[in-house]
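Subject: Structure handover

Hello,

Here is the structure I said I would pass on. My notes on what was found in it follow directly below.

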Amino acid sequence: MSTTTPRQPTHAVAVAVASLLVAVLAVLLAPRGGSGEDGGVSIAETPHWRPVAHLTPQQNWMNDPNGLVYVDGRYHVFYQHNPHGNDWGNMSWGHSSSTDLVRWKEHPVALPATREEEAFSGSVVYDRENRSGLGTAENPPLVAVYTSVFKEGSGHEPGTQAQSVAWSTDRGETWQRHTGNPVLSLDPPSRHFRDPKVTWYPQGGYWVLTTVVADDHVVKLYRSDDLLHWDFLSDFRADAPEGVLWEMPELVQVPVEGQPGRREWVMLLSVNPGGVAGGSGMRYFTGTFDGTTFEASDERSTGPTPDEQTWLDHGPDFYAATSVSHAPGERPVVIGWMSNWAYAADVPTAPWRGSMAIPRELVLHRTPTGLVLGNHPAAPVERAVGGPEQALARVDVDGRRELAPLDREGAYWVGATLRPGDAATAAVQLFGRGGREGARVSYDRTAGELVVQRAGSGPAAFTDRFGTRYRVPVPLEDGRVRLDVLVDRGSVEVFAHGGRTSVTTLALPEAGTTGLALLSDGGASTFEDVSVRAFGS
Ligand code: FRU
């Protein structure tokens, strides 16, 4: 993120000034009774944007997911968190857990910032054989590898970053920092050496750690047998414009659709700025890993500009996604932060700021031009969704067709197989009220593109960096495209063709705008297998 770069002072001052203005305005405009603590100033709360089916902290700031791990039937998510305010700072690891990836229980802060260090992003593994010796054979530990950002008086140069270990023997409820920290640092120390992700490498029987030197555009790979001693393996580099930071790398094996048993290596990488939708975004590289070196094999992914790179999601709000260690069936289930460093600090939600996108499973699709990384909601999410509140086998639309309002809670799926026929555009309109536009998920047949337009007025104008429209090429298949859209109060996630292409956006509609309609402009369209399903409470 930019607050950790040499641009930090400018950013910090801008954030401070912006926060002060927001706070002053909020105090002036807040209705009586508006509450919420932010640096001692009361600001208006925004419960209508609090997601129903997505993870947020009850209060205060959240960014990257950290240390995702599945153990004893629960998914644990640790995350970058400020326990003391609704802005980035005091970086600590918050903690929540869930059995269905939809309803979350918040736990005490796992790794608080201390006088010596802040705890930046990292990962957690279940050390089943107690190779680290930090637990016992009977009670193996969870081991976290995280980035220490050292402070004055820590005995390390202030502002430098290195990798440290903490462990838990009570399934993540409480954590101890390892006395031998840091376990991995650069010589000379770096201010941008961060985001360790540990992956078990079954073919070699050791752990592999990926980390970045963010401003040098390099992913560094290490190996270990005990999670405490790390040996350098290799560097992975690719083109990146000056000024872009590389963050949150991960090497993950992903199944290939339609070829049971085949898995290929993928390098996930978050970049900021330079994302395909502006600001921060997630690139990926398909390739080979021989236990030492990762080599990207697809030249479509390695160019210097967004058009010459491959992206996991095509919207503005999907960043820092990382996989769940030991997920059932070793499936690659990832969770991403649903925001963008271009405006994350200004998103006008309170008393929390930041949420995770719906957890997703990765899959490689085979296309005529090569493997494409897709992502669709992970299996347990489906279990939390109720039966159809509306199911329509076929709807012909020429102009506009309202769907009956449902949605008492504000979180629902709307899906349809769209045949645009000879229409210029066909769309699902969200957040409508009295015929007014809220947001739209459209198919532009003439351009062959999916277009997602998020709520474009009112609160969405909180900053001019909050763009309104995102386009991505999506070819029709047999004249149709399947669209599945998850709407959750303040966000819209679109999965086209079963997740081959996804677009994730925050939306921030006006309160009470729950209208849903099907539209077809410039000709008639057919919507098949239309369904609207809400999350059960
Ligand atoms: C990514 C990131 C990481 C860092 C963390 C700090 O969004 O900038 O590189 O560890 O956030 O909160």
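Pro-188 sits in the loop between strands E10 and E11. In this predicted model, a cis peptide bond joins Asp-187 to Pro-188, with omega at about 0°. Pro-182 has its place in the loop between E10 (176–177) and E11 too. A cis peptide bond links Asn-181 and Pro-182, and omega there is about -10°.

The strand that follows this loop, E11, belongs to an open sheet of four strands in the order E11-E12-E13-E14, paired antiparallel. At the edges of this sheet are E11 (193–201) and E14 (231–237), each of which pairs on one side only. Neighbouring strands in the sheet are turned against each other by 25° on average, with direction ignored. Strand E13 (residues 218–224) runs antiparallel to E14, and six bridges join E13 and E14. Opposite Val-219 in this arrangement is Phe-236 of E14.

Another open sheet has five strands, in the order E6-E5-E4-E3-E21, and its pairing is mixed. Strand E6 (105–111) and strand E21 (352–353) are at the edges with a single partner strand each, so one side of each has no neighbour in the sheet. Within the sheet, strand E3 (residues 60–71) and strand E4 (residues 74–82) are paired in the antiparallel sense over seven bridges. Val-69 has His-76 in E4 as its bridge partner.

Two residues stand out by their backbone angles. Asn-60, in strand E3, has a positive phi of about 80° although it is not a glycine. Is Asn-60 buried or exposed? Its relative accessibility is 8%, and the limit for buried is under 20%, so Asn-60 counts as buried. Phe-431, in strand E26 (residues 425–432), is not a glycine either, yet has a positive phi of about 55°. Phe-431 is buried as well, at a relative accessible area of 7%.

Val-124 is worth finding in the viewer. It is part of strand E7 (residues 117–126) and is buried, with a relative accessible area of 1%. Leaving out residues up to four places away in sequence, Val-124 touches Gly-67, Leu-68, Val-69, Phe-78, Trp-93, Leu-142, Val-143, Ala-144, Trp-175 and Ser-325. Val-124 and Val-198 are 74 residues apart in sequence, and their C-alpha atoms are 7.3 Å apart in space.

Next, the nonpolar cores. In soluble globular proteins, nonpolar side chains tend to be buried together. The largest nonpolar core here has 35 residues, of which Leu-430, Leu-450, Val-494 and Phe-527 touch the most other members. Which strand gives the most to this core? Strand E33 (residues 515–535) does, with six residues. Leu-450 has contacts with Val-441, Ser-442, Tyr-443, Tyr-470, Arg-471, Val-472, Val-474, Leu-483, Val-494, Ala-496 and Val-503, again without residues up to four places away in sequence. Apart from the largest core lies another core, of 34 residues, including Ala-53, Trp-61, Met-62 and Phe-535.

Last, the pockets and cavities. The largest pocket has a volume of about 710 Å³. It is lined by 28 residues, and the closest to its centre are His-314, Val-372, Val-472, Pro-473 and Thr-501. Which elements give two or more residues to the lining? They are strand E22 (360–367), strand E23 (370–377), strand E29 (469–473) and strand E32 (501–506). E29 gives the most to this lining, with four residues. Val-472 therefore appears twice in these notes: as a contact of Leu-450 and among the residues closest to the pocket centre.

There are also seven cavities of 30 Å³ or more in the structure. The largest cavity holds about 130 Å³ of space. Of the 15 residues that line the largest cavity, Thr-349, Trp-352, Ser-355, Gly-490 and Leu-506 are the closest to its centre.

Regards

Notes: Residues are numbered from 1 along each chain as its sequence is written. This is a predicted model: local features need pLDDT of at least 70, side-chain atom pairs count only at pLDDT 80 or more; totals for chains, interfaces and linings use all residues. Side-chain values use heavy atoms; hydrogens and water are left out. Two strands pair if DSSP finds at least two bridges between them. A nonpolar core is a set of buried Ala, Val, Leu, Ile, Met, Phe, Trp, Tyr and Cys residues joined through side-chain atoms within 4.5 Å. Buried means under 20% relative accessible area, exposed over 50%, partly exposed in between (1.4 Å probe, protein chains only). Contact means heavy atoms within 4.5 Å. Axes are lines fitted to C-alpha atoms, for helices over the stretch in contact, and angles run from 0 to 180 degrees between N-to-C directions. On a 1 Å grid over the protein atoms alone, a cavity is a set of points where a 1.4 Å probe fits but cannot get out, and a pocket is an open set with protein on both sides within 12 Å along at least five of seven lines; lining residues have an atom within 4 Å of a point. Grid points are joined across faces, edges and corners, and a volume is the space filled by probe spheres set on the points.
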